[in-house]
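Me: I'm new to this structure and would like a close look at one part of it, strand by strand. Could you pick a sheet, walk me through how it is put together, and then tell me briefly what else to look at?

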Amino acid sequence: MAQGALPGFRDFYPEQFAERAYIMDVWRRVLRRYAFSEYDGPPLEPLDLYRKKSGDELVGQLYSFTDKGDREVTMRPEMTPTFARMVAARANSLRKPVRWFSIPQLFRYERQQKGRLREHFQLNADIVGEASVTADAELLSIALDIMREFGLTSSDVRAGVSDRRLLQALVLEAGASEDALSAVYAVIDKRGREPVAISREKLEKAVGSSHVADKIDEFLGITDIDNLFQRYGAVESIAQHLDRLRAYFQYLNALGFADWVKLDLSIVRGLAYYTGIVFELFDTAGEYRAICGGGRYDTLLETLGGVDLPALGFGMGDVVVGELLRSRGMIPATPPRTDYWVAGEEEALTPQVMSVAAELRRHDRSVEYSLKPQQLSRQLKSAAAAGASHAVILKTERFAAGEVTVRNLEAGTEQSMPLEDFINSL
Ligand code: HAM
């Protein structure tokens, strides 16, 4: 039996490739509107790049091996560390803010589940060199504009936003210790993907008190920034982060996305390097895993490249986006396009058929002709099957007089003319 692709890996037949190309076209189109430049890095990276900062969950999913030069290497599971290294290496000469995007194929040995494969293509859009919350608003606006470009609306997709600095202040105010923070984040990150009772048990264990867990549960339920202000506005350590978040919502409103965004303090993000505002995009029906996720990571460039530059970005995979659009019939059909099929009345005309085809291709037309000797009627059937819009027919006598016959295969009409006139008309 023929072997299929590995579990979690995809074969892209032309139909699937067309869907992937459509998604990437939309990504590139929108990123151009935001004046981003495209870049890429190596698909294979030193293992250490991820050990330092990506977090245990991702490091546990690496496709890693020792290469022939005894280096510990891994297929890239995410783009951010590569991006941070590349920018840090040229930090002095790059115009700030850096606005770059990339569409790498990434590899993670994931547990098999809906919306998660072991390879995926991920749009990465990142900004470096701007600490102001205006950059955070600009970034989320890109992700939401992409949703809109796909034809989705705020009733299809919602962005949940939070801020790690605010979350930290709230967790500490609830009475948890600094040491408990990362364990608390891990529990909060898994909430919603775990039974409530289990997640509550883990939270109590992380903070060592059911009273503290109650207080955390309570603020996690607040989805309105005014409510947060009422309860915590007087606590200095919290209020400063609320002010920033309020400006963020105001800017998103100005950019036209107020309806798409909601406060969700349970969004922490699994990766270890985030330091500020974080967000994820979800389908409102709750059928799929996150469509997109990102946020601010102001210390990663320092850790990986020794330059102190604030940064922020997001990743959006092709898998969930594809499933969502497909389920709603929102991926436009792109039939294969053949402009001209060149046909000859007899086999002896094959070199002339080829010359005409070559001339049409020099004029940037998509052209096919039969690669084996065939009756004219068979050739025209093939032309129809290929979906060609026109056939250019070389009839023996007419062609000897310098003429071709151009048939419109959709309308069924045809016209003979000098070859030169036909070529000039293109
Ligand atoms: P992430 O949340 O791990 O973030 O991934 C971002 C998005 O990539 C997810 O929301 C999802 O759409 C897609 N994705 C991730 N893993 C898979 C998978 N196994 N199969 C299919 N799709 C997947 C990051 O990777 C960050 N580096 C993003 C970022 C860029 N943060 C700042 N800049």
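Reply: Let's start with a pair of strands: S15 and S16 run antiparallel to each other and are joined by four bridges. Keep in mind as you look that this is a predicted model. To find the pair, go to residues 390-394 for strand S15 and to 403-408 for strand S16. A handy spot to check the pairing is Ala391, which sits opposite Arg407 of S16.

Now carry on to the next neighbour. S16 also pairs with S17, again in the antiparallel sense, this time over six bridges. Pick out Glu403 and you'll find that its bridge partner in S17 is Pro418. How are S16 and S17 connected? They make a hairpin, with four residues between the two strands. Have a look at Gly412 in that turn: its phi is positive, at about 80 degrees.

Go back to S15 and look at its other partner. Strand S13, residues 340-344, is joined to S15 by five bridges, and here the two strands run parallel. Ala343 is the residue to click on, as it faces Ile393 in S15.

Put those pieces together and you get the whole sheet. It is an open sheet of five strands, in the order S14-S13-S15-S16-S17, and its pairing is mixed. Which strands sit at the edges? Those are S14, covering 367-369, and S17, covering 413-418, and each of them pairs on one side only. Going from one strand to the next, the twist averages 25 degrees.

Helices pack on this sheet too. Helix H14, made of residues 350-362, touches S13, S14 and S15, and its direction makes about 170 degrees with that of S14. Helix H15, residues 376-385, also packs on the sheet, but its contacts are with S13, S15 and S16. The angle between the directions of H15 and S13 is about 170 degrees.

That's the sheet. Next, hop over to the ligand. There are 25 residues around it, and Glu78, Thr80, Gln122, Asp126 and Tyr274 come nearest. By type, that shell splits into ten nonpolar, nine polar and six charged residues. Strands S7 (119-128), S11 (292-296) and S12 (311-317) each put at least two residues into the shell.

A few polar atoms are worth zooming in on. Thr80 has a polar side-chain atom 2.7 Å from a nitrogen atom of the ligand. With Ala290, a backbone N or O atom is 3.4 Å from a ligand oxygen atom. For Ile291, a backbone N or O atom is 2.9 Å from an oxygen atom of the ligand. Taken alone, the ligand has 660 Å² of accessible area, and the protein covers 96% of that.

There is also a three-stranded open sheet to compare by eye, ordered S2-S4-S3 with antiparallel pairing. Its edge strands are S2 (44-46) and S3, which each pair on one side only. The twist in this sheet averages 35 degrees per step from strand to strand. Three bridges link S3 with S4, and one residue to try is Phe65, whose bridge partner in S4 is Val73.

While you're there, find Asp70 in the loop between S3 (64-66) and S4 (72-75). Asp70 isn't a glycine, yet its phi is positive, at about 65 degrees.

One last stop is Pro97, in the loop between helix H4 (80-89) and strand S5 (98-102). Is the peptide bond from Lys96 to Pro97 cis or trans? It's cis, with omega near -10 degrees.

Key:
Residues are numbered from 1 along each chain as its sequence is written. This is a predicted model: local features need pLDDT of at least 70, side-chain atom pairs count only at pLDDT 80 or more; totals for chains, interfaces and linings use all residues. Side-chain values use heavy atoms; hydrogens and water are left out. Two strands pair if DSSP finds at least two bridges between them. Axes are lines fitted to C-alpha atoms, for helices over the stretch in contact, and angles run from 0 to 180 degrees between N-to-C directions. Contact means heavy atoms within 4.5 Å. A residue is near a molecule or strand if one of its heavy atoms lies within 4 Å of it. A polar contact is a pair of N or O atoms within 3.5 Å; within protein, one must be able to donate a hydrogen and the other to accept it, and residues adjacent in sequence count only if both atoms are side-chain atoms. Accessible areas come from the Shrake-Rupley method with a 1.4 Å probe; for residues, only the protein chains shown count as cover. Ala, Val, Leu, Ile, Met, Phe, Trp, Tyr, Cys and Pro count as nonpolar, Asp, Glu, Lys and Arg as charged, and the others, Gly among them, as polar.
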